[in-house]
Amino acid sequence: MPGTDERPTSMSTTVSEDAMPGTDERPTSMSTTGSEDAMPGTDERPTSMSTTGSEDASSDAESSSDRCNSITSASDFDCSRQSFTSDCSSSKHSSPSSSPPKTITLDDVMSSARDLSNLTLAHEIIVNRDFHVEQPHLPQNSLEKQVKDIVHKAFWDGLESELNDDPPEYEHTIKLLEEIREILLSFLSPGANRLRTQILEVLDMDLIRQQAHKEAVDIQGLASYIVTIMGKLCAPVRDDEVKKLRESPDNVMSMYKEIFRVLDLMKMDMVNFTIQSLRPDLQRQSVEYERAKFQSIVEKTPSALDHTTEWIKSSLEEVLFSMPTVEQPNSHGKAGKALPSPFLVFNSGFIRLLTWDYHKSPLPETLMTDEVRLRELQRRLQLLKAVASVLLIVYSAIGGPISGLPALAERLKRMASVLLEGMHRPDFNLSEALGNVSGQICCELNKSLTERNYPALPPELQVTLKGQITSITQENNPIRSLVEGRVQQYFRVLLAMPNSHVNPPPTPGGLALIQPELTSLAVTFVSLINFNKQVYSPFYMMILKTLLFSNTAPPPAATAPQDPSIQNHVNSN
């Protein structure tokens, strides 16, 4: 709080000069969502831009597809070509290290929480090109906003009362000016010595205290100087805000309130510009950085890979069940199962993410940083599969009269997509929505048929179509199962292909009408998975070797600790 030891946190997130050195050049301005972690600044003044935060899976993948897909899935598991018992490590963090069981301490918990926070933030910056931060917007009638408004009003009223005293009191005003000075200095780059010296000379606290003792402080003049400096340091998008400050009335308290408001915006601009500047460096070191942070969590906290182990174990069992029994060499003619390919086991696990039930079990710990993206991708894929099922039923029932009409197919697809939007919600009535879809599709088909001199659909055929379309809500519906199987087949093919994002294969039969959307989702998914493999493949290989060759529970390093913050993060969803 200005004028006291600290200013209310709701006015701004204080950015220290050490944590986020500023710049006398003007940073990019963005409207943002995300974390307010302070970061080091840069020396350039970027152009103004305004972006909107998005957790959209395809948007995130576009930003990192060149990086993630440049390393193919085959190279992710070079170790799998070697013996399971060989040492696949090539660097300090290339594989998880073993450690004996130990008692977890509060310091370990806090340290792991920090590592998890840093890991999550870095991953978000790397994979989401629209990631940025913004000031929180509290609901109008929320208790937090009411408390904030009361505290701020009390502070500014008290400060105004002190200045109106006879003689005026300047103690809190000096602390207010000192805080403003530190904020302005935090925006400067290390080389901006001239401006730094000027700010320190004009906002010399010792001199201002002497002036206050003699009742000679020019509060209005200092405010005008601060606004001038803000005009030099702010992003171009804030020029109008600074201009309004220059034109503000002579009311000193109103001017200082507005100064702090605009300084808060400038700090957000600086953080976002810093994130934008750091992204290329983070992308170059992303794999090693994320692996090292996760290894730190594994070493400090218990059961950090419990869910990951269960996930790989289920995938292994699924692959072993589908493998034929073969005669084993050197086993006196005894039959048994061959060792499965790690590549096959892990890809089988990744395919299961497409239909993951988040209510029944949490995601593996190694995938929790992508949970929002995976959920969004699953929702979009669920909608696409429903649309594909509807179109497959329609075109199978009617055939020739509506074939070869891409404009009609696009209208039917758009119509079904709009009516089924939100089908993932628990309160969504899918049967009713599918009934509406069938009705709208029949109307559109009749219109198209009559325009081309075909007879309209008979009433009995319309009833049959409606029944077939609404029946796809059933788990064992053959059309639904067919579409589901072919979608998974397509995703498996892309996961197994090197550089699948460059030249994706055609979709299987029956999915041609949704090929553009399905290919986009598949490329997004493969991009996320390829990056995940690069970071966590040593952990996956260690768990798989333990499951295959150990008759005991996985050692502590393989099921290494997870602190409560990780568990809470996973289970909260």
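## Pocket and helices

Helices, as the term is used here, are DSSP runs of H or I that hold at least four residues and are numbered from the N terminus. The structure described is a predicted model, and its largest pocket has a volume of about 940 Å³. Of the 27 residues that line this pocket, the closest to its centre are Q378, Q382, M423, H424 and R480.

Three helices, namely helix 14 (371-398), helix 16 (430-451) and helix 18 (478-496), each supply at least two residues of the lining of the largest pocket. The largest share of that lining comes from helix 14, which contributes seven residues.

## Character of the lining

When the residues that line the largest pocket are divided by type, eleven are nonpolar, eight are polar and eight are charged.

## Cysteines and disulfides

The structure holds zero disulfides. C442 takes part in none, and the nearest cysteine sulfur to its own, that of C443, lies 7.1 Å away. C443 is likewise in no disulfide, its nearest cysteine sulfur being that of C442, at 7.1 Å. Because a disulfide is counted where two cysteine sulfur atoms are within 2.5 Å, the distance of 7.1 Å between the sulfurs of C442 and C443 does not qualify.

Which of these cysteines is buried, and which is exposed? C442 is buried, with a relative accessible area of 5%, whereas C443, at 52% relative accessibility, counts as exposed. The cut-offs behind these words are under 20% relative accessible area for buried and over 50% for exposed.

Methods: Residues numbered from 1 in each chain as written. Predicted model: local features only at pLDDT ≥ 70, side-chain atom pairs only at ≥ 80, totals over all residues. Heavy atoms only, no water. Buried < 20%, exposed > 50% of the residue type's maximum accessible area, 1.4 Å probe, protein only. 1 Å grid on protein atoms, 1.4 Å probe; cavity = no way out; pocket = protein on both sides within 12 Å on 5 of 7 lines; lining within 4 Å. Points joined across faces, edges and corners; volume = space filled by probe spheres on them. Nonpolar A, V, L, I, M, F, W, Y, C, P; charged D, E, K, R; others polar.
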